[in-house]
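This briefing introduces the structure shown below and takes up two topics, a pocket and a helix.

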Amino acid sequence: MNPLVRPRRDRLIAGVCSAVARRFDVSPTIVRIIAVLAVLFAGLSLWAYVLLWIVIPKEE
């Protein structure tokens, strides 16, 4: 499994979805769609995204 780090490239806002996609070896587009749907329908807060943005280190 790849380490959980936010990439310098292939990011739209902060790279959180790209980091999760790399970690689990799936397409970043799929993770982004799931994240948007989770925010809209499952009540996942944007605070969770911001928290992951802070917690997940940047790729060096």
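The largest pocket of this model, which is a predicted one, holds about 400 Å³ of space. Helix 1, helix 2 and helix 3 (46–55) are the elements that each give two or more residues to the lining of this pocket. The points below begin with that lining and then turn to helix 2.

**The largest pocket**

- The lining of the largest pocket is made up of 20 residues, and those that lie nearest the centre of the pocket are Cys 17, Arg 32, Ala 35, Val 36 and Tyr 49.
- When the residues of this lining are divided by character, 15 are nonpolar, three are polar and two are charged.

**Helix 2: its span**

- Helix 2 covers residues 28–42, and because a helix is expected to advance 1.5 Å a residue, its 15 residues should span 21 Å, which agrees with the 20 Å that separates its end C-alpha atoms.
- Just after helix 2 comes Gly 43, which takes a positive phi of about 80°.

**Helix 2: its buried and exposed residues**

- Pro 28, Val 31, Arg 32 and Ala 38 are buried in helix 2, and because the buried residues fall within an arc of 125° when seen down the helix axis, they line one face of the helix.
- Helix 1 (16–24) is included in what covers these buried residues of helix 2.
- Ile 34, Leu 40 and Phe 41, on the other side of helix 2, are exposed.
- Arg 32 belongs to both topics, since this residue is buried in helix 2 and is also among the residues nearest the centre of the largest pocket.

Conventions. Residues numbered from 1 in each chain as written. Predicted model: local features only at pLDDT ≥ 70, side-chain atom pairs only at ≥ 80, totals over all residues. Heavy atoms only, no water. Helix = DSSP H or I, 4+ residues; strand = E, 2+ residues; numbered from the N terminus. Expected span 1.5 Å × (residues − 1). Buried < 20%, exposed > 50% of the residue type's maximum accessible area, 1.4 Å probe, protein only. Arc of directions from axis to C-beta. Contact = heavy atoms within 4.5 Å. 1 Å grid on protein atoms, 1.4 Å probe; cavity = no way out; pocket = protein on both sides within 12 Å on 5 of 7 lines; lining within 4 Å. Points joined across faces, edges and corners; volume = space filled by probe spheres on them. Nonpolar A, V, L, I, M, F, W, Y, C, P; charged D, E, K, R; others polar.
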